[in-house]
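Here is a short briefing on helix packing and one pocket. Please keep the structure open while you read.

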Amino acid sequence: MSNPNLTLSIASSHNISDPPVRSEIGRPPEWYNLKSAGCNSFWREAALVLPSVLLVLYLGFQARRNVKKLSHRKSYVMIAYYALLWFSALLNLGWSLLQGWQCAPGKTVAWNVLSLFTECGMLSLEISIVAFLLQENYASGLEALAHTFLVSGSFVAADILIQAIFIFGFGVPLFINADASHWGKWSVLFVHTLALTAVYCYILFVHYSKWRDKLPPRPSFYNYVVVMFVVNVIGLFASGLGGIGFGVGFWYISYP
């Protein structure tokens, strides 16, 4: 006759040692630890800082020539874009240099605010370029400037507000790479990337439809849209895979 106490102990140890499948799916892979997520990771920080430094150096070396061109053209739109480019480049450099904030005690709020401002600058630059190229002509007056940044600013403000609500209101670690198993983080990233992908997909659809005459006949515009569409599709798949625990999603978020 079997011992009931022995059977119970075997069953209990079996249940403890074998967690449910669902918890395994939501768990980050073994290689994704605090160091690879951006906490004191030399190679990750170098991979982020080096392109940012090169961009700032390039803008610095070209600054005198670009300022001369802008002063001769007297285009308010191009001057605003150049200022926004510098603002975004410097913010991105600061964000790259201060990666340790996301894991430092007491720096979480400062890191989230810096990340929101950095994304605001990059997203404003991205959307305003699309809004500017969608115009029938390259206008340079204050009216064109106001129209361009009104359209892009509305989208960016709504996006940043939603992200801020999730971060500070619901505690979603959207910019904390070390906490990669939070389902809310991947849901917000997926919806955010899906919205951008849908916009670029719609523009490409219109280009190959009978309504293509409503879009400007500029090859550079469509090249830009195709590149951004591919980038966002990759980000969309990475966010989806990261949400179910596949390593490529964690890698994509940790090495943007």
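In this predicted model, H6 and H8 pack at an angle of about 15°, with their axes 13 Å apart. An angle under 35 degrees counts as roughly parallel, so H6 is roughly parallel to H8. The two helices also help to line a pocket, and H6 packs on further helices too, as set out below.

**H6 with H8**
- H6 passes H8 in a left-handed crossing.
- On the H6 side, the contact is made by Glu-119, Leu-123, Glu-126 and Val-130.
- On the H8 side, His-192, Leu-196, Tyr-200 and Ile-203 take part.
- By class, the residues of this contact are five nonpolar, one polar and two charged.

**H6 with H9**
- Helix H9 covers residues 219-243.
- The axes of H6 and H9 come within 11 Å and cross at roughly 150°.
- This crossing of H6 past H9 is left-handed.
- H6 contributes Glu-126, Ile-129, Val-130 and Leu-133 to the contact.
- H9 contributes Phe-221, Tyr-224, Met-228 and Asn-232.
- Six nonpolar, one polar and one charged residues make up the contact of H6 with H9.
- Glu-126 and Val-130 of H6 appear in the contact with H8 and again in the contact with H9.

**H5 with H6**
- Helix H5 spans residues 76-97.
- H5 and H6 pack at an angle of about 150°, and their axes lie 9 Å apart.
- Angles over 145 degrees count as roughly antiparallel, so H5 is roughly antiparallel to H6.
- H5 passes H6 in a left-handed crossing.
- The H5 residues in this contact include Tyr-81, Leu-84, Phe-87, Leu-91 and Trp-95.
- Their partners in H6 include Trp-111, Phe-117, Met-122, Leu-125 and Phe-132.
- Gly-94 of H5 and Gly-121 of H6 are also among the contact residues.
- The contact of H5 with H6 has 15 nonpolar, eight polar and no charged residues.

**The second largest pocket**
- What is the volume of the second largest pocket? The value is about 540 Å³.
- The lining of this pocket has 24 residues.
- Ile-127, Phe-155, Ala-195, Leu-196 and Val-199 lie nearest the pocket centre.
- Helix H6 (108-133), helix H7 (142-169) and helix H8 (183-207) each supply at least two lining residues.
- The lining divides into 18 nonpolar, five polar and one charged residues.
- Leu-196 is one of the residues nearest the pocket centre, and Leu-196 of H8 also takes part in the contact with H6.

Key. Residues numbered from 1 in each chain as written. Predicted model: local features only at pLDDT ≥ 70, side-chain atom pairs only at ≥ 80, totals over all residues. Heavy atoms only, no water. 1 Å grid on protein atoms, 1.4 Å probe; cavity = no way out; pocket = protein on both sides within 12 Å on 5 of 7 lines; lining within 4 Å. Points joined across faces, edges and corners; volume = space filled by probe spheres on them. Helix = DSSP H or I, 4+ residues; strand = E, 2+ residues; numbered from the N terminus. Nonpolar A, V, L, I, M, F, W, Y, C, P; charged D, E, K, R; others polar. Axes fitted to C-alpha atoms, helices over the stretch in contact; angles between N-to-C directions. Parallel < 35°, antiparallel > 145°, perpendicular 65-115°, else oblique. Left-handed = near helix turned anticlockwise from the far one by under 90°. Contact = heavy atoms within 4.5 Å.
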